[in-house]
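Biologist: I should like to learn how the surroundings of a ligand are read from a model. Please guide me through one case.

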Amino acid sequence: MLLDQTVLPTTVRERRCVEVADLVQAIQDLAVRGAPLLGVAGAMGVWLAAQSAPDHPQGLRQYVTEQAARVAAARPTAVNLRWGVEQALGELDRPWASVAEARGRLQAVAERIHRDEVARCLIIGTNGAEALGPVRHLMTQCNAGGLATGGYGTALGVIRVVASRTPGLHVWVPETRPLLQGSRLTAFELAEAGIAHTVVTDNACAALFREGVVDAVVVGADRIAANGDTANKIGTYALAVIAHHHGVPLIVAAPSSTVDPDTSTGAGIIIEQRPASEVTPYGSPARNDAFDVTPAALVRAIVTEHGVLRAPYDLRSVRP
Ligand code: MRU
């Protein structure tokens, strides 16, 4: 059962996934979204597959492996999705005595990943607040909150900790077109947390930096290459360039499950292309990149649950 993020915050609705195909559709519709949560969903998808798999070991293994590949391929950019699927599949490589045991173990690993992601976020929040130092006006991008992580948030986890220590903290929330994860989801979470915030159009951000009312930018990530190049929601690169121009730090807050040590630079990260219909109502040709890559040189710090990394980045040995 998923909280359907496509209709938040005006409607709170659950979406039930009975088959793997339902989950793949939910992931592609962004009903469930955000890199760490996609990792949890990926592992849950493997468990879901096991529930409709044949009741004999060979059949279960084959069916689950095939269905797991479909889940992992549902979206290409957030490495957590593939990682979560692989973590769950790894359980099938260890000896198990019955299909019932295999199913139980897949459930356990999915639930463990969920718990672990929440725990990682709590540590990231504290680490990120230390990396930022004193700030009064933060900016974020998209939604890297509890909705995107299964509980607390990465960038929003950092913002929560900073807010608890900084009376009067204020957060600029770019709306994050075309699907408005900023104005719908981040603004909703900040309001629930009682943190002062203002939604702005994506196009308004540069002028805010020029006005001097942004002290730092904190964003999440969908995939961090070994050299620190970071894929995140489209528009993050623009914010990084503007921040750099104005001497404002941009930090990336993400769990180690978002680090992809096998991808050496951002050039190797596949950027998801979304349907043109999300951006043009009249059927005009449109290019709709869901993410962009911010080069490591524009990232002041990368904050994981292991601590605060600074350039030059070498994330080849970072693992959950
Ligand atoms: O397309 P989305 O909504 O899944 O994109 C989400 C983001 O870009 C988030 O910033 C990222 O996944 C980090 S979530 C902690």
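Modeller: The following turns treat the ligand and then the backbone. This is a predicted model, in which local features need pLDDT of at least 70 and side-chain atom pairs count only at pLDDT 80 or more, while totals for chains, interfaces and linings use all residues. Residues are numbered from 1 along each chain as its sequence is written, and side-chain values use heavy atoms, with hydrogens and water left out.

Biologist: How many residues surround the ligand, and which are the closest?

Modeller: A residue is near a molecule if one of its heavy atoms lies within 4 Å of it. Here 18 residues surround the ligand, the closest being Arg-33, Arg-75, Asp-222, Asn-232 and Lys-233. The shell consists of eight nonpolar, six polar and four charged residues; Ala, Val, Leu, Ile, Met, Phe, Trp, Tyr, Cys and Pro count as nonpolar, Asp, Glu, Lys and Arg as charged, and the others, Gly among them, as polar.

Biologist: Why does the ligand lie between the two domains?

Modeller: Domain bounds come from an automatic or database domain assignment. The ligand lies between domain 1 (2-117) and domain 2 (125-309) because both give residues to the shell around it.

Biologist: Which N or O atoms lie at a short range from the ligand's oxygen atoms?Modeller: A polar contact is a pair of N or O atoms within 3.5 Å. An oxygen atom of the ligand is 2.6 Å from an N or O atom in the side chain of Asn-232. For the side chain of Gln-181, the corresponding distance from a ligand oxygen atom is 2.9 Å. A polar backbone atom of Ala-35 is 2.8 Å from an oxygen atom of the ligand. The protein covers 100% of the 410 Å² of accessible area that the ligand has on its own, by the Shrake-Rupley method with a 1.4 Å probe.

Biologist: Which elements give two or more residues to the shell around the ligand?

Modeller: Helices (H or I, at least four residues) and strands (E, at least two) are DSSP runs, numbered from the N terminus. The elements in question are α2 (35-51), α6 (146-149) and β8 (230-233).

Biologist: Where is Pro-178 placed, and what kind of peptide bond joins it to Arg-177?

Modeller: Pro-178 is in the loop between β4 (170-174) and α8 (181-193). The bond between Arg-177 and Pro-178 is cis, with omega about 0°. Thr-176 is also in the loop between β4 and α8, and its phi is near 70°, a positive value in a residue other than glycine.

How values were computed:
Polar contact = N/O pair within 3.5 Å; in protein donor to acceptor, adjacent residues only side chain to side chain.
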